[in-house]
Amino acid sequence: MKSITRRKLITTGLAATAGISALAVADKLASRFGLIPPDHGGLYGPGETLTYAAQRMLTTHAPAREFPRSMISKAPFANEVAPPSEEFKRYQANGFRDWRLVVDGMVEHPLSLSLADLRSLAVRNQITEVACEEGWSYVAEWIGTPLHEVLKEAGPLPQVRYIAYFSIDRNWWDSIDMADALHPQTFLTWGMNDGDLPVGFGGPLRMRVPRQLGYKSVKFITRITATDSMKHFGKGLGSPEPEFGYAWYAGI
Ligand SMILES: Nc1nc2c(c(=O)[nH]1)N[C@H]1C(S)=C(S)[C@@H](COP(=O)(O)O)O[C@H]1N2
Ligand SMILES: [Mo]
């Protein structure tokens, strides 16, 4: 709820400063800076563009709030996930040694990385909050490899605008723009609270996007793809959420 209030403040404040309507601000910013989210044009199109454009103007480099260790939730809430597939169980039985993260699309060097490969690239940690759109949240320490370290290895082509990411059960996937993809707190996470990332929380590999709502932090990641357009993924809205009335850009 706090996040929604803040988002409203930002957008309302911006419109008030300009002295014109919110939609006019959105259109102006969006066309000037190319800040049009993939789900623009649906029922919520103009509003989503306003939120996205306003936040991108104000928060491109801003960090998500980090918490002291004492604030780590004692009983973090793992949201319900689809039951593991046979394929997933085979990886699990082998301690996820064969789990691979494929990096493809518009990159100079397509990659296939094991969890050990990821660990050898970089190890970082952050204590941040997972906030679900349904109103609950928890704080945990997330340990992983920043996405930008993986992208550095892969070499995205200059025209890349989005990084799409896919869970092993292909119906969960999402995408982020380059501001979030290159953000230092966007992690491919394989550890949590000083241990391996538990399956319930997305183990062995989860995308953590702490500057957006929980649904952008997709669990069980096996593939990331660099692209200049989200038109050809799913229904072309950047992720499945806009089909259900949730925004592609879910900044908090
Ligand atoms: N693969 C997959 N990723 C997912 C989900 C899911 O059901 N499957 N749920 C999402 C939603 S809606 C939220 S709020 C967070 C919940 O994270 P948690 O289980 O760590 O609380 O995970 C997100 N990532
Ligand atoms: Mo959620």
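The protein chain exposes about 12200 Å². Carbon and sulfur atoms supply 57% of that area. The model is predicted. Buried residues make up 50% of the 252 residues in the chain.

Confidence comes next. The pLDDT averages 87 over the protein chain, and 83% of the residues score at least 70. Residues 1-19 fall below 50. Even so, that stretch has 23 contacts in the model beyond near neighbours in sequence.

The chain has 7 helices and 10 strands. Take the contacts between residues at least 6 apart in sequence: 69% of them join residues at least 24 apart.

Strand S1 gives a first example. It covers residues 101-105 and includes leucine 101. Leucine 101 has a relative accessible area of 0%. The cut-off for buried is under 20%, so leucine 101 counts as buried. What does leucine 101 contact beyond its neighbours within four places in sequence? Its partners include Leu111, Ser112, Leu113 and Leu118. Leu188 and Leu205 are also among them, as are Ile221, Thr222, Arg223 and Ile224. Leucine 115 is 14 residues from leucine 101 in sequence, and their C-alpha atoms are 7.9 Å apart.

One of those partners, threonine 222, lies in strand S10. Threonine 222 is buried, with a relative accessible area of 12%. Its side chain makes a polar contact of 3.1 Å with the side chain of arginine 170. Residues up to four places away set aside, threonine 222 touches Trp99, Arg100, Leu101 and Val102. It also touches Phe166, Ser167, Ile168 and Arg170.

Now the aromatic rings. The count comes to 15 aromatic pairs. One of them joins tyrosine 162 and tryptophan 248. Their ring centres are 5.8 Å apart. Their planes meet at 85°, so the pair is edge-to-face. Tyrosine 162 lies in strand S5, residues 162-167. Tryptophan 248 lies in the segment after strand S10, which covers residues 221-227. The pair therefore ties together parts that are 86 residues apart in sequence. Are these two residues buried or exposed? Tyrosine 162 is buried, at a relative accessible area of 6%. Tryptophan 248 is buried too, at 2%. Elsewhere, ring pairs link Phe88, Tyr91, Phe96, Trp99 and Phe220 into a cluster. Trp99 has already appeared as a contact of threonine 222.

Helix H6 spans residues 147-154. Its buried residues are Leu147, Glu149, Val150, Leu151 and Ala154. An α-helix has 3.6 residues a turn, so residues three or four places apart point the same way. Just after H6, glycine 155 takes a positive phi of about 70°.

That leaves the ligand. Which residues lie closest to ligand 1? They are Phe77, Asn79, Tyr138, Arg206 and Lys219, out of 20 that surround ligand 1. Two side chains reach oxygen atoms of the ligand. A polar side-chain atom of tyrosine 138 lies 2.5 Å from an oxygen atom of ligand 1. For arginine 206, a side-chain N or O atom is 2.8 Å from an oxygen atom of ligand 1. Serine 217 uses its backbone: an N or O atom there lies 3.0 Å from a nitrogen atom of ligand 1. Taken alone, ligand 1 exposes 540 Å². The protein buries 95% of that area.

Technical notes. Residues are numbered from 1 along each chain as its sequence is written. Chains are lettered from A and ligands numbered from 1 in the order in which they are written. This is a predicted model: local features need pLDDT of at least 70, side-chain atom pairs count only at pLDDT 80 or more; totals for chains, interfaces and linings use all residues. Side-chain values use heavy atoms; hydrogens and water are left out. pLDDT is the predictor's confidence in each residue, from 0 to 100. Contact means heavy atoms within 4.5 Å. Buried means under 20% relative accessible area, exposed over 50%, partly exposed in between (1.4 Å probe, protein chains only). Helices (H or I, at least four residues) and strands (E, at least two) are DSSP runs, numbered from the N terminus. Accessible areas come from the Shrake-Rupley method with a 1.4 Å probe; for residues, only the protein chains shown count as cover. A residue is near a molecule or strand if one of its heavy atoms lies within 4 Å of it. A polar contact is a pair of N or O atoms within 3.5 Å; within protein, one must be able to donate a hydrogen and the other to accept it, and residues adjacent in sequence count only if both atoms are side-chain atoms. Rings of Phe, Tyr and Trp (its six-membered ring) pair if their centres lie within 6.5 Å; planes under 30 degrees apart count as stacked, over 60 as edge-to-face and the rest as tilted.
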